[in-house]
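Visitor: Hello! I am new to protein models and would like to learn how to read one. Could you take me through it feature by feature?

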Amino acid sequence: MSADNLTLHVLKFSPLDAALQGFLLDRQAARCAHKTLTHYKYTAGGFVAWLKEQGIRDVAHIKAGHVRAYLVGLQKRGVKDTTQHAHARGIKAWLNWLVREGDLSESPMRRVAMPRLEQRVPPPFTPEEVHRLLAACNRQTATGARNYALILVLLDTGLRAAECVALRVGDVDMRTGLAVVLGKGRKQRQVRVGNKARAAVLRMLAHRGEPSPGAPLWAAYDLQGCECGALSIHGLQTAVVRLGRAAGVKPCGPHRFRRTFALWCLRDGMDLHSLRLLMGHSSLAVLQRYLALAGEDVERAHAAHSPADRMLRPQ
């Protein structure tokens, strides 16, 4: 090939774009999950695009005021508090990386308060609600048998939606119930599926003619009830929401089973260390978000220890 036929493609990055691409490359080299990389590209990338609109061309010109103005802009657009917080975390990670790389002497985020999150305490399922969900499953059909098994496995393990749909045939030891799952940050942990849930899984697999080891544990089905590949996260969410609608249980989503698992285990006396390991949390601080007392817990605890009631109790 002659030199005349060679074309040199030069990517024209601004210094800000180059800094962002360097950060994303570093996170990819650190083997961050695809979801994490997408989060950084969306949050830090949105901030970079905004900075360029303000005439900022170099990372050295980023000030704390720029970060504050960007976050206030998100508020004015009506962005949810959780999304605002996610943007702030992504921007903070990028600016901290620039400090480590020597491009900044100090992160502007050190002078910026993180957006405050509203304190939400989503209620766990009640036993009566779970019974209604199970009753809404027609176990004579492949879809109904799958949904019945899904409810019991989610309730019995506290798995995240992504962890649940990633299970393969053979991952759960049908003798002991033990299974190794790959959680956030590609961290492995061991969970256990109880006897009732394992029996439901076996009945589900019987509808599929006992698929070979390594096949997806959860199958997706079309409107005619025919198997059509593996169940996706979106498919799991849709199935659970539809079950909730049929059973009159609202809200109904996969993550509510995770909170229910945590609270029911705590109420039944499981120690916090074991619960933390089963749920795959890196610290008790993360676990505590799941253990905010529900209304009935507050009522029961106060009824047992009310100072005024105890003081004025008839002798």
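Guide: We will go through this structure one feature at a time, and please keep in mind that the model is predicted.

Visitor: Let us begin with the overall picture. How many helices and strands are there in the protein?

Guide: The protein has 14 helices and 4 strands. Of its 315 residues, 41% are buried. Another way to look at the whole is through contacts between residues with a separation of 6 or more: residues 24 or more positions apart account for 61% of these.

Visitor: How should I read a strand? Which residues of β1 are on the covered face, and which on the uncovered one?

Guide: Here is the general idea: in a regular strand the side chains alternate between the two faces of the sheet. In this structure, strand β1 covers residues 178-182. Ala179 and Val181 make up its covered face, while Leu178, Val180 and Leu182 make up the uncovered one.

Visitor: Which strand does β1 pair with, and in what sense?

Guide: The partner is β2, residues 188-192, and the two strands pair in the antiparallel sense over 5 bridges. As an example, Leu178 stands opposite Arg192 in β2. The two strands form a hairpin with 5 residues between them, and in the turn Gly185 has a positive phi of about 70°.

Visitor: What joins β3 to β4?

Guide: Strands β3 (residues 219-221) and β4 (residues 227-230) run antiparallel and are joined by 2 bridges. Ala219 has Ala230 in β4 as its bridge partner. This hairpin has 5 residues between the strands, and Gly225 takes a positive phi near 85° there.

Visitor: Now I would like to follow single residues. Is Glu163 buried or exposed?

Guide: Glu163 counts as buried, because its relative accessibility is 4% and the cut-off for buried is under 20%. Glu163 lies in helix α7, residues 161-165. To see what surrounds a residue, it helps to set aside the neighbours within four places in sequence. Glu163 is then in contact with Leu182, Gly183, Lys184 and Arg189. You have already met one of these, Leu182, on the uncovered face of β1.

Visitor: Where does Thr157 lie, and which residues is Thr157 in contact with, leaving aside its neighbours within four places in sequence?

Guide: Thr157 lies in helix α6. Its contacts, counted in that way, are Arg192, Val193, Phe261 and Leu278. Thr157 is buried, with a relative accessible area of 2%. Now compare position along the chain with position in space: Thr157 and Arg258 are 101 residues apart along the chain, yet their C-alpha atoms are separated by 7.7 Å.

Visitor: How does one find empty space inside a model?

Guide: Rolling a probe the size of a water molecule over the atoms shows where empty space is left. In this structure, the count comes to 1 cavity of 30 Å³ or more. The largest cavity has a volume of about 50 Å³.

Visitor: Which residues line the largest cavity?

Guide: Among them are Leu133, Asn147, Leu150, Ile151, Ala239, Cys252 and Phe257. The elements that give two or more residues to this lining are α6 (142-157) and α9 (233-247). The largest share, 4 residues, comes from α6. By class, the lining has 9 nonpolar, 1 polar and no charged residues.

Visitor: And what lines the second largest pocket?

Guide: That pocket has a volume of about 290 Å³. Its lining has 14 residues, and Thr143, Arg146, Tyr221, Ala239 and Arg242 lie nearest its centre. Once again, α6 and α9 are the elements that give two or more residues to the lining. Here α9 gives the most, with 6 residues. By class, the lining of the second largest pocket has 5 nonpolar, 6 polar and 3 charged residues.

Visitor: One last topic: cysteines. How many disulfides does a search of the whole structure find?

Guide: The search finds 0 disulfides.

Visitor: Why is Cys228 without a bond to Cys226?

Guide: The reason is distance: the closest cysteine sulfur to that of Cys228 is in Cys226, 8.4 Å away, and this is too far for a bond. A disulfide needs the two sulfur atoms within 2.5 Å. As for accessibility, Cys228 is partly exposed, with a relative accessible area of 43%, whereas Cys32 counts as buried at 18% relative accessibility.

Key:
Residues are numbered from 1 along each chain as its sequence is written. This is a predicted model: local features need pLDDT of at least 70, side-chain atom pairs count only at pLDDT 80 or more; totals for chains, interfaces and linings use all residues. Side-chain values use heavy atoms; hydrogens and water are left out. Buried means under 20% relative accessible area, exposed over 50%, partly exposed in between (1.4 Å probe, protein chains only). Contact means heavy atoms within 4.5 Å. On a 1 Å grid over the protein atoms alone, a cavity is a set of points where a 1.4 Å probe fits but cannot get out, and a pocket is an open set with protein on both sides within 12 Å along at least five of seven lines; lining residues have an atom within 4 Å of a point. Grid points are joined across faces, edges and corners, and a volume is the space filled by probe spheres set on the points. Ala, Val, Leu, Ile, Met, Phe, Trp, Tyr, Cys and Pro count as nonpolar, Asp, Glu, Lys and Arg as charged, and the others, Gly among them, as polar. Two strands pair if DSSP finds at least two bridges between them.
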